[in-house]
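Let's take a walk through a protein chain together, one piece at a time. Keep the picture open beside you and look for each part as it comes up.

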Amino acid sequence: MSATATATATATTSAVLNVPAAAPAEAAAHYAARLAFEADVSDVHADLASGAPGIVVVDTRSKAAWDQGRIPGAVHLPTARIAELAPGTIDPSLTVVTYCWGPGCNGATRAALAFARLGYRVKEMLGGFEYWAREGFAYDTAAGSEQRPVDDLTAPRSGISCAC
């Protein structure tokens, strides 16, 4: 091997493997834990559409945001009022699924923490209202029901499941 080829081979490093991957058992524990705390928009939609029991979806945003658009069947409970209102509003036998605007907002995370501190089982819906709308699911507004075309960067245009 030439000196140039040797220098190039030793200079090439993996950005991905700069920190080695976890052992398989550690990785399994990590990903199982994440799924215990998170749900995605498609799974929440599937449960609501099928009437699957056991969850209540909670919109944690302001009244103005709620009026702009919300998941059909969701309960409106702004994060700042969860400690005050949840005990009289949300059945403690249900798993609460919180959502806020989208992935750039941690409101659903703060709301999930508030519910957990009150003793509720809780999951955060990844993607929030933004991804609900971007995946083409119908949503309610103060003026009625609306639906946007599927954003093919978030879901298949054909309406089929990504089957992940």
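We will begin with the whole chain, then visit its strands, its helices and some of its side chains.

Before anything else, keep in mind that this is a predicted model. The chain has 164 residues, and 27% of them are buried. It holds 7 helices and 7 strands. If you trace the chain from its start, these elements come in the order α-α-β-α-β-α-β-α-β-α-β-α-β-β. The accessible surface adds up to about 10,100 Å², and carbon and sulfur atoms account for 58% of that. How far apart in sequence are the residues that contacts bring together? Taking the contacts between residues at least 6 apart in sequence, 62% join residues at least 24 apart.

Now find strand β4, which covers residues 95-99. Is this strand enclosed or open? Of its 5 residues, 4 are buried, so β4 is largely enclosed by the rest of the structure. One of its pairing partners is strand β2, residues 55-59, and the two run parallel, with 5 bridges between them. You can pick out one of these links by finding D59, whose bridge partner in β4 is Y99. Strand β5, residues 122-126, also pairs with β4 in the parallel sense, this time through 3 bridges. Here T98 has E124 in β5 as its bridge partner. To get from β4 to β5, the chain passes through helix α6 (residues 107-117), and this β-α-β crossover is right-handed.

Let's go back to β2 for a moment. This strand also has 4 of its 5 residues buried, so β2 too is largely enclosed by the rest of the structure. Besides β4, strand β2 pairs with β3 (residues 75-76), again in the parallel sense, over 2 bridges. Look for V58 here: its bridge partner in β3 is V75.

Next come the helices. Helix α3 spans residues 41-50, and D40 caps its N-terminal end. What does the cap look like in atoms? A side-chain oxygen of D40 lies 3.2 Å from the backbone nitrogen of S42. After α3 comes G51, which has a positive phi, near 75 degrees.

Helix α5, residues 82-89, contains I82. Is I82 buried or exposed? Its relative accessible area is 0%, so I82 counts as buried. Leaving aside residues up to four places away in sequence, I82 touches L77, P87, A111, A114, F115 and L118. Take F115 from that list: 33 residues separate I82 and F115 in sequence, while their C-alpha atoms are 7.1 Å apart in space.

Aromatic rings are our next stop. How many aromatic pairs does the whole structure contain? A search finds 4. One of them is formed by W101 and F129, whose ring centres are 6.1 Å apart with 80 degrees between the planes, an edge-to-face arrangement. This pair links distant parts of the chain, since W101 sits in the loop between β4 and α6, F129 belongs to helix α7 (residues 128-134), and their positions lie 28 residues apart. The two partners can also be described by their accessibility: W101 is partly exposed, with a relative accessible area of 34%, whereas F129 counts as buried at 7%. Why is the pair of F115 and Y120 called edge-to-face? Their planes stand at 90 degrees, with the ring centres 5.3 Å apart, so the pair is edge-to-face. Both F115 and Y120 are buried. Ring pairs also tie W101, F129 and Y139 into a cluster.

Our last stop is T141, found in strand β6, which covers residues 139-141. With a relative accessible area of 8%, T141 is buried. A polar atom of the T141 side chain lies 3.0 Å from the backbone nitrogen of A143. Which residues does T141 touch, not counting those up to four places away in sequence? They are D67, Q68, G69, R70 and E146.

To finish, return to β4 in the picture and find its parallel partners again, β2 and β5. From β4, follow the chain through α6 to β5 once more, and try to see the right-handed crossover for yourself.

How values were computed
Residues numbered from 1 in each chain as written. Predicted model: local features only at pLDDT ≥ 70, side-chain atom pairs only at ≥ 80, totals over all residues. Heavy atoms only, no water. Buried < 20%, exposed > 50% of the residue type's maximum accessible area, 1.4 Å probe, protein only. Pairing = 2+ DSSP bridges. Right-handed = clockwise from strand over helix to strand, strands pointing away. Polar contact = N/O pair within 3.5 Å; in protein donor to acceptor, adjacent residues only side chain to side chain. Contact = heavy atoms within 4.5 Å. Areas by Shrake-Rupley, 256 points an atom, 1.4 Å probe, with all protein chains shown as cover. Phe/Tyr/Trp six-rings, centres within 6.5 Å; stacked < 30°, edge-to-face > 60°.
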